[in-house]
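Thanks for making the time. I will put the structure up and then walk through it piece by piece.

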Amino acid sequence: MTKNEVAEANYPQLRVGVSPIVGKVYLAKILTELDQENLNHNIEITEAGSNDLSAKLENGAIDIALLNSLSPINNNHYQSKLLRTNSVKLIVSQQHPLAKLDSIDFSALKKQKFITMNHGFIHRVLFDRYCQVAQIHPPVAYETDNISILLELVKENLGIAVVTELAPKGEAGIKTIDITGVPTINTYTFIQLRNDVHLTAIQQKILGITNKIEL
């Protein structure tokens, strides 16, 4: 009992890290559930790229990570649960000439202007991999660390982008196009918890709510 009381006093909040895409479609659902349980003040949210979140989880800066990975996660240091598997798409403005297409060979995009996430984000890794496989070097018009900005730039027809299928979910003004001509790459959305984290009763309740939300 004393140990639990000390833990409650020292770690009153559950420190949750979310990647931009997972946060965009997942965070509002989590906070709605927490608000109904009057637990919003007991969660501390950090947003960062999936690679940065893995490092933060490793060094103890966060307790739980909601992130995307390019491969299934198998690490004995963490408890991991696969939330969903995501395909990768091309997105363009509804006003873009490519919007009339439902699929396109990636090599045909060599002269198209792209908008990308900064290095350290999975979306940039996906873009670089596709370019490498297709052996093209299209111009990058803008780089950002904010997925909302990327989507707005695409809507304004300032470039096109390679994203996971979650990114444009619920966004008007964007056409999603299947990518062909390159090997299929999936991403995996996980919830991860460090094995050495001592969860208080409140934190366990927050984790339970977080874990049951469906994307």
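**Sheet, aromatic rings and cores**

Let me start with one residue pair: serine 103 has aspartate 178, in strand 10, as its bridge partner. Before I go on, please keep in mind that this is a predicted model.

That pair belongs to a contact between two strands. Strand 6 and strand 10, the latter covering residues 174-180, run parallel and are joined by 3 bridges. Aspartate 105 also takes part, standing opposite threonine 180 in strand 10.

Now the sheet around them. It is open, has 4 strands in the order 6-10-5-9, and its pairing is mixed. Strand 6, residues 103-105, and strand 9, residues 161-164, are the edge strands, so each of them pairs on one side only. From one strand to the next, the twist averages 45°.

In which sense do strand 5 and strand 10 pair? They pair in the antiparallel sense, over 5 bridges. In that pairing, serine 93 has isoleucine 174 of strand 10 as its bridge partner.

Next, the helices on the sheet. Helix 4, residues 122-134, packs on the sheet and touches strand 5 (88-93), strand 9 and strand 10. The direction of helix 4 makes about 125° with that of strand 9. Helix 5, residues 147-155, lies across strand 5, strand 9 and strand 10. Helix 5 runs at about 50° to strand 5.

On to the aromatic rings. How many aromatic pairs does a search of the whole structure find? The search finds 3. One of them is phenylalanine 106 with phenylalanine 114, a tilted pair at 6.0 Å centre to centre with 45° between the planes. Phenylalanine 106 has 0% relative accessibility, so it counts as buried, the cut-off being under 20%. Phenylalanine 114 also has a relative accessible area of 0% and is therefore buried.

Phenylalanine 106 has a second partner, tyrosine 130. The ring centres of these two are 5.3 Å apart. Why is this pair called tilted? Because the planes are at 35°, and tilted covers the angles that are neither under 30 degrees nor over 60. Phenylalanine 106 sits in the loop between strand 6 and strand 7 (114-117), whereas tyrosine 130 is in helix 4, so the pair ties together parts that are 24 residues apart in sequence. Both phenylalanine 106 and tyrosine 130 are buried. Taken as a group, Phe106, Phe114, Phe127 and Tyr130 form one aromatic cluster.

Last, the nonpolar cores. Which residues have the most contacts inside the largest core? They are Leu66, Ile91 and Leu150, in a core of 32 residues. Several elements each supply at least two residues of this core, among them strand 1 (14-18), strand 3 (64-69), strand 11 (187-194) and helix 6 (201-212). Helix 2 gives the largest share, 6 residues.

Leucine 66 is worth a look on the screen. Leaving aside residues up to four places away in sequence, leucine 66 touches residues including Val16, Val22, Tyr26, Ile30, Leu53, Leu83, Phe190 and Thr210.

A second core, separate from that one, has 22 residues, including Leu109, Phe127, Ile136 and Val162. Phe127 is the residue to note there, as one of the members of the aromatic cluster.

That is the end of the walk-through.

Conventions
Residues are numbered from 1 along each chain as its sequence is written. This is a predicted model: local features need pLDDT of at least 70, side-chain atom pairs count only at pLDDT 80 or more; totals for chains, interfaces and linings use all residues. Side-chain values use heavy atoms; hydrogens and water are left out. Axes are lines fitted to C-alpha atoms, for helices over the stretch in contact, and angles run from 0 to 180 degrees between N-to-C directions. Contact means heavy atoms within 4.5 Å. Rings of Phe, Tyr and Trp (its six-membered ring) pair if their centres lie within 6.5 Å; planes under 30 degrees apart count as stacked, over 60 as edge-to-face and the rest as tilted. Buried means under 20% relative accessible area, exposed over 50%, partly exposed in between (1.4 Å probe, protein chains only). A nonpolar core is a set of buried Ala, Val, Leu, Ile, Met, Phe, Trp, Tyr and Cys residues joined through side-chain atoms within 4.5 Å.
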